[in-house]
Amino acid sequence: MLLRKIPTYFSKRTLVSILVTIALFSLFKYVGFNHVRKLPKVRAPFEDLTFESIDDQHETFAVSAYLEQNRRLVRIFLLKKITVDPLIYCLYVGNTKTDVRNILSNSMETFAFGRRKFGFRNLTEPSGPYRGFVIFCRIPPKLLTSISRGTVSVALHLGNASPKPPVILPIRLGFPLNEIQIIPSSVGLCVTPSSEQQLRLASSYFLEYIELNRLNGIELILFYLNRDSSHDIKQILSSYLQYPSLALNGSFHVQVIPWSLPSRINNSHLLPFTQNLLYNDCIFRIAQQVGFIFHTNLAEIFVPNQFGTKRVQLKWPDILHIVRTKKYRGKFSSCLPTRFAFPPRNTTETESIFDRNRVTIRSYSTRQKCLTRSDKVQEVYLHRPIRPKAFNYAPELGTVFNYGTCEETDYEPCRMDKYYTLNSQLQSYQSAVKSAVTQRLRILPAEL
């Protein structure tokens, strides 16, 4: 009799376990995924940086998403109020005409480094009410091929805590697939809005800025263009998109990423924080296209040094050759000092990059700008790399001339001196830059 009761006992116990599991799964599915059926009835977007709010309170905004180099995770950039920590879930949806709105995975918890569920890893930025953050979403193995082909998007939502439909982001490739591939000998410039609110730039300044970088050997300039930018700036960029180069270096091209901050938050207060957020977005956005990345804004102009007795002016290809030598190649970033231009006498627009021809004698390493390897450096701050932190300090390669101000703050002390000298390094480019701008103006509207 005992032998007959044992199988019966285990059969009932197994049956109860199965029923409990089914009940819990059904409850979890209802709580976590029920509202996900309300996906937008439009095709998943290929445009990101819309800063669409994930929550109803408009305190957490989706920015962009990238496939990690290990092909197991998707990296997601957010702009979030530092006092809130919402429980964000992720799932994958189709973005092709055949499977639009089709849910391709279960919903999963997002996490930060250390696999802490619903955690956030903050980017290194000045203190403020909002900050850039990074979260991750795991990739189901069956979706890896589709994600690599760009036919899948990631959707972010708050589970049953909010009836708001998920925010959908396209997934871009991010870092190069092959770690042993040859690094291209090219530099991409990431240009974000300046944090200097008082800096006003004329269209002539903007043209000279582009042409100076093109003449120095930059192959790609990525502009994060605020949707509120002036009509003249938009016309200039449209010209470069249609006719990237009027000279022989046909490899030069410009990319424009439209973006704007959410209307519900104070844009002027957030500009310094979004500048660093966009720097980090740019790392992954252009990593497939260039071998090195230089982070800057329109108020900062890099000029290479002159070398040798013949005073030969270096260009970016020469600098890349130097940073690949034994002295530099042990670290993946090389940082250059900054000198500040003489303050303007009035508040009118800066007409030319050559107008303010006096700069501080002293250089400032606390305001340095860095050249980073596109396949190695995963995070930067405004003035230094973060992951990995090691860098070469290389003032012998060139100088960044800043048209803003060097204010003393508790976060990054920088006391600007009152001793200035003629900026002969930048002035030596004036003839070539003016000639290139004249050629560009011939295909632009007369009012520019």
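This passage describes one helix, two sets of paired strands and several salt bridges in a predicted model.

We can start with helix H4, which spans residues 231–242. Its 12 residues reach 17 Å from the first C-alpha to the last, close to the 16 Å expected at 1.5 Å a residue. Five positions of H4 are worth picking out in the structure above: Ile233, Ile236, Leu237, Ser239 and Tyr240 are buried. Viewed down the axis of H4, the buried residues fall within an arc of 150 degrees, so they line one face of the helix. The face turned away from that buried side carries His231 and Gln242, both of them exposed. The cover over the buried residues of H4 comes from several elements, including helix H3 (203–215) and helix H8 (430–441). Strand S11 (220–226) and strand S12 (253–259) also contribute to this cover.

Strand S13, residues 292–297, is the next element to consider. Six of its six residues are buried, and the strand is mostly covered. The cover extends to both faces of S13. On one side lie Phe292, Phe294 and Thr296, and on the other Ile293, His295 and Asn297. The pairing of S13 involves strand S10 (residues 187–192), with which S13 runs parallel over six bridges. Within this pairing, Cys190 has His295 of S13 as its bridge partner. S13 also pairs with strand S19 (residues 364–373), here in the antiparallel sense and through three bridges. There, the bridge partner of Ile293 is Thr372 in S19. Readers tracing the strand can thus follow His295 to Cys190, and Ile293 to Thr372.

A hairpin offers a second view of strand pairing. Strand S20 (residues 379–381) and strand S21 (residues 384–387) pair in the antiparallel sense over three bridges, and the hairpin joins S20 to S21 through two residues. Glu379 has Arg387 in S21 as its bridge partner. The side chains of these two residues also meet, in a salt bridge with an N to O distance of 3.2 Å. Glu379 is buried, because its relative accessibility is 1%, under the 20% cut-off. Arg387, at 36% relative accessibility, counts as partly exposed. Elsewhere, salt bridges that share partners join Asp48, Arg172, Asp281 and Arg285 into one network.

The count of salt bridges in the model comes to 14. One of them joins Lys81 to Glu59, with the closest N and O atoms 3.9 Å apart. This pair links distant parts of the chain, the two residues being 22 residues apart. Lys81 sits in strand S3 (residues 73–81), whereas Glu59 lies in the loop between strand S1 (52–53) and strand S2 (60–67). Lys81 has a relative accessibility of 27% and therefore counts as partly exposed. Lys80 forms a salt bridge with Asp85, and the closest N and O atoms of that pair are 3.3 Å apart. Lys80 is buried, with a relative accessible area of 1%. Its partner Asp85 counts as exposed, at 53% relative accessibility.

Methods: Residues numbered from 1 in each chain as written. Predicted model: local features only at pLDDT ≥ 70, side-chain atom pairs only at ≥ 80, totals over all residues. Heavy atoms only, no water. Helix = DSSP H or I, 4+ residues; strand = E, 2+ residues; numbered from the N terminus. Expected span 1.5 Å × (residues − 1). Buried < 20%, exposed > 50% of the residue type's maximum accessible area, 1.4 Å probe, protein only. Arc of directions from axis to C-beta. Contact = heavy atoms within 4.5 Å. Pairing = 2+ DSSP bridges. Salt bridge = Lys/Arg side-chain N within 4 Å of Asp/Glu carboxyl O.
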